[in-house]
Amino acid sequence: MSGEKKRLSLKAIWDRRMIRPLIYKLFTRGVLMLTAVLLYRHFVVSTATGGDLCLVAAAIFALASVIAFLRLDGARIPQVKLPRFKKKEIRTGGDIADHIDDDIVLFDDLDSDEQSLTVLVTDLALMLVFLIASLF
């Protein structure tokens, strides 16, 4: 048993604090892919239908989910991390006293298994969205 690798189940990795990074990933990746599809259709090939391009986007998300699954399974595939700008602290008006003690969890605050699971769920969900969109 010393040579066997301990496998974690997806339920053991999932935590409620991963919801915010999941929503952020879903929104940003979905909007970026939709923008890429529309720009490709407008500037490169105007004869391509939106359904064909959405099917290509679904295939890209399917490949990305396979890579995320392999990374979750223990393969050493590096993630592409884009440079980020420092965010300025913005003070807004209003009363947020109910949420003052809540910790805001960012994607970078998650460990590597949680990041891989978040990316896997995001890619699977967006694959389904673009696959359904390709039918119309």
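These legends go with a set of close-up views of one predicted model.

**Figure 1. The whole chain, a run of four helices.** Reading along the sequence gives the pattern α-α-α-α, and the tally is 4 helices and 0 strands. The chain has 136 residues, and 26% of them count as buried. If you look at contacts with a separation of 6 or more, 83% of them come from residues 24 or more positions apart.

**Figure 2. Helix 2 crossing helix 3.** Here we zoom in on helix 2 (residues 19-44) and helix 3 (residues 50-73), whose axes come within 10 Å and cross at roughly 140°. That angle makes helix 2 oblique to helix 3, since the roughly antiparallel label is kept for angles over 145 degrees. As for handedness, this crossing is right-handed.

**Figure 3. Side chains where helix 2 meets helix 3.** On the helix 2 side, look for Arg 29, Met 33, Val 37, Tyr 40 and Arg 41; on the helix 3 side, they meet Gly 50, Leu 53, Ala 57, Ile 60 and Phe 61. Sorted by class, the residues of this contact come out as 7 nonpolar, 1 polar and 2 charged.

**Figure 4. Helix 3 packed against helix 4.** The axes of helix 3 and helix 4 sit 8 Å apart, and the two helices pack at an angle of about 160°. With that angle over the 145-degree cut-off, helix 3 and helix 4 are roughly antiparallel to each other. Helix 3 passes helix 4 in a left-handed crossing. Class by class, the contact of helix 3 with helix 4 has 19 nonpolar, 4 polar and 3 charged residues.

**Figure 5. The salt bridge between Arg 29 and Asp 123.** Side chains of opposite charge can pair when their charged atoms come close. A search of the whole structure turns up 1 salt bridge, and this view is centred on that pair. The closest N and O atoms of Arg 29 and Asp 123 are 2.8 Å apart. In sequence terms the partners are distant: Arg 29 belongs to helix 2 and Asp 123 to helix 4 (residues 112-134), 94 residues apart.

**Figure 6. How covered are the two partners of the salt bridge, Arg 29 and Asp 123?** Asp 123 has a relative accessible area of 1%, so it is buried. Arg 29, at 27% relative accessibility, counts as partly exposed. Arg 29 also turns up in the Figure 3 view, as one of the helix 2 residues that meet helix 3.

Technical notes
Residues numbered from 1 in each chain as written. Predicted model: local features only at pLDDT ≥ 70, side-chain atom pairs only at ≥ 80, totals over all residues. Heavy atoms only, no water. Axes fitted to C-alpha atoms, helices over the stretch in contact; angles between N-to-C directions. Parallel < 35°, antiparallel > 145°, perpendicular 65-115°, else oblique. Left-handed = near helix turned anticlockwise from the far one by under 90°. Contact = heavy atoms within 4.5 Å. Nonpolar A, V, L, I, M, F, W, Y, C, P; charged D, E, K, R; others polar. Salt bridge = Lys/Arg side-chain N within 4 Å of Asp/Glu carboxyl O. Buried < 20%, exposed > 50% of the residue type's maximum accessible area, 1.4 Å probe, protein only.
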